[in-house]
Amino acid sequence: MESVKRNSIRGFPLQFFDFISPRFCSSCEKKLEIDQKVLCDDCLSNLAHVNNELLNSEYIKKFASEKLIEEIFVPFNFIKEGTIQNLIHDLKYNSKFQSGIFLGELIFLNGIEVISKWKIDLIIPVPLHRLKKAERGYNQAEFIAKGIRRKSGIDLRTNSVKRTRFTQSQTKLDLVDRRKNMEGAFIVKNKKSIKQKNILLVDDVMTTGATISECARVLKKFGANKIYAVSVGLA
Ligand SMILES: [Zn+2]
């Protein structure tokens, strides 16, 4: 796996920063080496990957009937109490933005072959409603999207789509009701920015896909070309 190596920050060798402020693995709390970020190599290699078969069957289950989403890529299984769940929790509830950026980088590095074929013009994190964003202080998906931008160099926009409806929790709804629950949840704010663009939608966890589908429906309605979706974990 590619990793960006820096030897110094403003002329100080990295060892210096590691010495004054050691960093620890977010999962096992072992001290990180200079070239490691967020997770140590052991925890990184123990992550549960989604295989192609599962990815295909999930695509069919969640997106094939509507065809709003061309293809999806999700690198990891979202296992209860697992490393990925803990990192997403850190990002969502403990303001650990570095975890989000790291997860975004992992999405791109694990999916580089697939994602490169999609010819993406624009990365758009699935927006949160402003009340939800105000409550949390930020949209966690934006940090994951930033990690993808950092590795891919693709443009990122957070002001093209807005979430207009505060949707109720979807956990107790079935698939049909979830779709209904999402109807009219998004509006396109900046039509020019999405016109004819191939767009990569980014979210933290992919559950039913109802949110992603509804966001894609609105983007396509206002002129986007092809919509693809990625998330960190598959629930
Ligand atoms: Zn570790």
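**Exercise 1. Find the residue that follows helix 5 and describe its phi.**

Lys-119 comes after helix 5, and its phi is positive, near 55°. Helices here are DSSP runs (H or I, at least four residues), numbered from the N terminus. The model is predicted, so local features need pLDDT of at least 70 and side-chain atom pairs count only at pLDDT 80 or more, while totals for chains, interfaces and linings use all residues. Residues are numbered from 1 along each chain as its sequence is written, and side-chain values use heavy atoms, with hydrogens and water left out.

**Exercise 2. Work out the span of helix 5 and locate its kink.**

Start with the length: helix 5 has 21 residues. The expected span is 1.5 Å times one less than the number of residues, giving 30 Å, and the 28 Å from first C-alpha to last is close to that. Next, look at Gly-111, where a kink of about 85° is centred. The bend is the angle between axes fitted to the seven residues ending at a residue and the seven starting there.

**Exercise 3. Describe how helix 4 packs on helix 5.**

First, the geometry: helix 4 (residues 83–93) meets helix 5 at an angle of about 130°, with axes 7 Å apart. Axes are lines fitted to C-alpha atoms, for helices over the stretch in contact, and angles run from 0 to 180 degrees between N-to-C directions. Helix 4 and helix 5 are therefore oblique (under 35 degrees is roughly parallel, over 145 roughly antiparallel, 65 to 115 roughly perpendicular, the rest oblique). Then the partners (heavy atoms within 4.5 Å): helix 4 contributes residues including Ile-84 and Leu-87, and helix 5 residues including Phe-97 and Leu-103. By class, this contact has seven nonpolar, two polar and one charged residues.

**Exercise 4. Do the same for helix 5 and helix 7.**

Helix 5 (residues 97–117) and helix 7 (residues 140–152) pack at about 50°, their axes 6 Å apart. This pair is therefore oblique too. Among the residues in contact are Gly-104 and Phe-108 of helix 5, and Phe-143 and Gly-147 of helix 7.

Definitions and conventions
Helices (H or I, at least four residues) and strands (E, at least two) are DSSP runs, numbered from the N terminus. Ala, Val, Leu, Ile, Met, Phe, Trp, Tyr, Cys and Pro count as nonpolar, Asp, Glu, Lys and Arg as charged, and the others, Gly among them, as polar.
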